[in-house]
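Colleague: I'd like to go through this model with you and ask how its labels were earned. Could you show it to me?

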Amino acid sequence: MSVMVARKKVVRKWEKLPGRNTFCCDGRIMMARQKGIFYLTLFLILGTCALFFAFECRYLAVQLSPAIPVFAAVLFLFAMATLLRTSFSDPGVIPRALPDEAAFIEMEIEATNGTVPQGQRPPPRIKNFQINNQIVKLKYCYTCKIFRPPRASHCSICDNCVERFDHHCPWVGNCVGKRNYRYFYLFILSLSLLTIYIFTFNIVYVALKSLKIGFLNTLKETPGTYPSMSLTVLTVLEVLICFFTLWSVVGLTGFHTFLVALNQTTNEDIKGSWTGKNRVQNPYSHGNIVKNCCEVLCGPLPPSVLDRRGILQQEESTAQEGSCPRGPGAQEPPAVQGPGQAQEGHSVLSPQVPALSASDAEMPEEKQRTPGELPAPSADAGRAEH
């Protein structure tokens, strides 16, 4: 007789989460699937800083001050820490509605809008919400089946609704939202300072070398570990990387400093939510730069609502062979090893029922239940013990 046994397999919630995110370290790290530009960011930062620490820092520490490499190391470590914190964290993804919740929301919408005649476009799914005496519209997300909270938006790259959505940044390989915006801002701020620092001291290095041995001799100078490459060529390479980085990173830092001072997001600025013809005042601004900066950069950080490492239990059924007879109304035992014995050594049949012999156990089930060979056990006698 074939017996189905249910075994529980532990599955983490991050394995079943919808969207286009990738997870590492058992759900502790969350990123977008497109990570190629993020690796380029790491390569540029690590490569430039490695050249600076390997060549220019040693000379500048002797000629000027040993604090130069120390301060550069502090900026480098802080920039890398904030980059990884931005890239590996949950930006504020909002869970999608469960089937029952989605059905209830659909019923609410149908009850509110009524029956739409065939051929007519249904009205937009919008709820009005009041914030600081101003009406804010909550839009319905057809993918997540929810009414998005204020300032939330659906990211088309990660396919998730993100709370206080700012933008999707491919350079950090993640969305920038409510839970990682402050780390993103600190990253671009520290990276701007690091870029300016390396750019400045590379020029100082070339100037000091040129004063001692001349500019042409400086260009011909080669380091001992790389005799085929001029040391100044490496310095020029660092200067070029820093120069082009300055235009983008420093400008981006200034733009986000402006947004932080107004308590505004990039998404709201691009859409013109609080500017333009409507002249609608930003309901989230405190009217004070210091208060806005404190709320965005120093306010309490909300916990993640995804519960990525929560446990889901799924049952897997496996078949096992056994020959244990069952009386009327008896429950099916989990597994049978031999006649009259449970899988773990417990008694399956009560002592009132005689055990089968070896010859009886090999007989078909119909013959074992004939009145002449085995009396039919009662419901109580045939109940399995667990």
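**Cores, spans and a hairpin**

Modeller: Happily; keep in mind that this is a predicted model. Its largest nonpolar core has 39 residues, and I45, F52, L83, Y181, F184 and F187 touch the most other members.

Colleague: Which elements give two or more residues to this core?

Modeller: They are β3 (29–32), α1 (36–63), α2 (67–88), α4 (181–213) and α6 (231–262). The most comes from α4, with 13 residues.

Colleague: What makes I94, C141, A152 and C161 part of a second core?

Modeller: A core is a set of buried nonpolar residues joined through side-chain atoms within 4.5 Å. I94, C141, A152 and C161 are included in a separate set of eight residues, so they count as a second core.

Colleague: What does F52 touch beyond four places away in sequence?

Modeller: Contact requires heavy atoms within 4.5 Å. By that test F52 touches C57, L60, A72, I198, F201, N202 and E238.

Colleague: Why are β5 and β6 called paired?

Modeller: Pairing needs at least two bridges. Six bridges join β5 (residues 126–131) to β6 (residues 134–141), so the two strands qualify; they run antiparallel. K127 stands opposite L138 in β6. In this hairpin, with two residues between the strands, N132 takes a positive phi near 50°.

Colleague: Where does UniProt list "transmembrane region"?

Modeller: The unreviewed entry lists residues 37–55, 67–84, 183–208 and 228–250. In the model, residues 67–84 are 100% helix, with end C-alpha atoms 26 Å apart. Residues 183–208 are also 100% helix, and their end C-alpha atoms lie 37 Å apart.

Notes. Residues are numbered from 1 along each chain as its sequence is written. This is a predicted model: local features need pLDDT of at least 70, side-chain atom pairs count only at pLDDT 80 or more; totals for chains, interfaces and linings use all residues. Side-chain values use heavy atoms; hydrogens and water are left out. UniProt positions are given in the numbering used here, feature names are shortened, and annotations may be inferred rather than shown by experiment. Helices (H or I, at least four residues) and strands (E, at least two) are DSSP runs, numbered from the N terminus. Buried means under 20% relative accessible area, exposed over 50%, partly exposed in between (1.4 Å probe, protein chains only).
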